[in-house]
Amino acid sequence: MATIKSFEVQGIVVSSVDYKESSKILKVFTRELGIVSVMARGAKRAKSKMQNLTSIFTLANFTLNRSKDFFYLEDGVILDLNIHLREDIKNIYAAQLCLELVNRSVVENEPQRDIFDLLAKTIRFLGISPNKHRLISMFLIKYISLMGYRPRLAQCVICSKKDMEKKGFSIEYGGICCIDHQIPYRYLEKNEYNYLLYLLYQRIDEVDDLDIVKINVDEKKINSMLLDFAQTKLEINRLMVFKAYQNFV
Ligand SMILES: [Zn+2]
């Protein structure tokens with residue numbers, strides 16, 4: 001019999017479901033392998049040290065081994081339980097939104113380091129930043145871009161005109177447009193347009209640097225537009241956490 005080789009990966013548990021009497025099947029977004037399915041045998045047992053390791057939101061170094069198409073969890077070292085996500089309902093729904101979006105649009109078993117880093121950073125900052133909508137909007141616009149649908153914000157998606165006096169945002173065409181092209185669009189005030197640029201180009205750790213009083217943007221409105229944009233481009237019917245997120249965050 002061939003020896004089973006174990007190896008270590010860093011990952012975040014994005015979903016966890018019970019399997020038979022004592023086990024769990026996890027989806028883990030790993031930095032090295034992308035999203036993988038992992039069997040955690042014995043993880044449901046009351047005193048199992050695997051309990052925390054296999055909870056949703058946990059960031060850890062996981063020791064896995066592979067047999068055919070399945071990964072098995074051997075052991076792990078918890079790096080961050082992301083406790084802040086478990087104590088605040090707003091954080092839970094905001095984090096679940098990111099995880100569900102990733103889980104439903106990233107192809108399994110393909111490494112996606114940039115997306116992993118973006119997700120890990122966003123989740124960490126949910127515990128730091130009071131600006132939840134802005135943080136999630138930053139995540140959304142960057143995530144859509146990494147998935148190949150970076151919104152075109154420099155010129156009209158139809159006629160390539162720059163510096164239009166009045167701008168709309170076309171979800172269908174994926175960017176800004178003049179308002180007289182007979183296509184559906186959301187009207188963008190000048191400050192809302194600048195805010196979109198900010199979300200796209202600033203780093204996640206700069207999320208709290210914006211003086212929102214000065215720019216006076218309805219952040220919830222833009223957040224909702226970006227959510228529609230993400231779901232449309234990624235062809236996701238409706239996120240399960242969508243309603244809870246809209247009601248509580
Ligand atoms: Zn145009």
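The following exercises, each with a worked solution, concern a predicted model of a protein chain.

**Exercise 1. The chain as a whole**

Determine how many helices and strands the protein chain has, and describe its extent and burial.

Solution.
- Step 1. Count the elements: the protein chain holds 9 helices and 8 strands.
- Step 2. Consider the extent: along the principal axes, the C-alpha trace spans about 70 × 35 × 25 Å.
- Step 3. Consider burial: 35% of the 249 residues count as buried.
- Step 4. Consider the contacts between residues at least 6 apart in sequence: 54% of these join residues at least 24 apart.

**Exercise 2. Two domains and their contact**

State which domains are assigned to the protein chain, and describe how domain 1 touches domain 2.

Solution.
- Step 1. Take the bounds from the domain assignment, which gives domain 1 as 6-81 and domain 2 as 84-248.
- Step 2. Locate the centres, taken over C-alpha atoms: those of domain 1 and domain 2 are separated by 29 Å.
- Step 3. Count the residues in the contact: 13 come from domain 1 and 16 from domain 2.
- Step 4. Identify the elements on the side of domain 1 that touches domain 2: β1 (6-19), β2 (23-30) and β3 (34-40) each give two or more residues.
- Step 5. Sort that side of domain 1 by class: it has 8 nonpolar, 2 polar and 3 charged residues.

**Exercise 3. The partners of β3**

Strand β3 pairs with β2 and with β5. For each pairing, determine whether the strands run parallel or antiparallel.

Solution.
- Step 1. Recall the general principle: strands of a sheet pair through backbone hydrogen bonds, and the pairing is either parallel or antiparallel.
- Step 2. Examine β2 and β3: they run antiparallel and are joined by 7 bridges. One example is K24, whose bridge partner in β3 is A40.
- Step 3. Examine the connection: β2 and β3 form a hairpin, with 3 residues between them.
- Step 4. Examine β3 and β5 (residues 70-80): here 2 bridges join strands that run parallel. V38 has F71 in β5 as its bridge partner.

**Exercise 4. A sheet of three strands**

Give the order of the strands in the open sheet that contains β6, β7 and β8, and identify its edge strands.

Solution.
- Step 1. Pair β6 with β7 (residues 175-177): 3 bridges connect them in the antiparallel sense. Within this pairing, G168 has C177 in β7 as its bridge partner.
- Step 2. Pair β6 with β8 (residues 186-188): these strands also run antiparallel, joined by 3 bridges. In β8, L188 stands opposite K167.
- Step 3. Assemble the sheet: the order is β7-β6-β8, with antiparallel pairing. The edge strands are β7 and β8, since each pairs on one side only. Neighbouring strands of this sheet are turned by 40° against each other on average, direction ignored.
- Step 4. Examine the side chains of β6 (residues 167-170): K167 and F169 point one way, G168 and S170 the other way, and all are buried.
- Step 5. Examine the hairpin of β6 and β7: it has 4 residues between the strands, and G174 takes a positive phi near 70°.

**Exercise 5. Helices α3, α4 and α5**

Explain why α3 and α4 are described as roughly antiparallel, and which helices the buried residues of α5 pack against.

Solution.
- Step 1. Compare the axes: those of α3 (residues 89-105) and α4 (residues 113-126) come within 10 Å and cross at roughly 170°.
- Step 2. Apply the cut-off: angles over 145 degrees count as roughly antiparallel, and therefore α3 and α4 are roughly antiparallel to each other.
- Step 3. Inspect the contact: N91, A94, A95, C98 and V102 in α3 meet I115, L119, T122, I123 and L126 in α4. These residues divide into 8 nonpolar, 2 polar and no charged.
- Step 4. Turn to α5 (residues 132-149), whose buried residues include L135, F139 and Y143. The buried residues of α5 pack against α3, α4, α6 (190-201) and α8 (219-233).

**Exercise 6. Residue Q96**

Decide whether Q96 counts as buried or exposed.

Solution.
- Step 1. Place the residue: Q96 lies in helix α3.
- Step 2. Recall the cut-off: a residue is buried if 20 or more other C-beta atoms lie within 10 Å of its own.
- Step 3. Apply it: Q96 has 21 C-beta neighbours inside 10 Å and therefore counts as buried.
- Step 4. Add a distant part of the sequence: L239 is 143 residues from Q96 along the chain, and their C-alpha atoms are separated by 9.8 Å.

Notes
Residues numbered from 1 in each chain as written. Predicted model: local features only at pLDDT ≥ 70, side-chain atom pairs only at ≥ 80, totals over all residues. Buried ≥ 20, exposed ≤ 12 C-beta atoms within 10 Å, placed from the backbone. Pairing = 2+ DSSP bridges. Axes fitted to C-alpha atoms, helices over the stretch in contact; angles between N-to-C directions. Parallel < 35°, antiparallel > 145°, perpendicular 65-115°, else oblique. Contact = placed C-beta atoms within 7 Å. Nonpolar A, V, L, I, M, F, W, Y, C, P; charged D, E, K, R; others polar. Domains from an automatic or database assignment.
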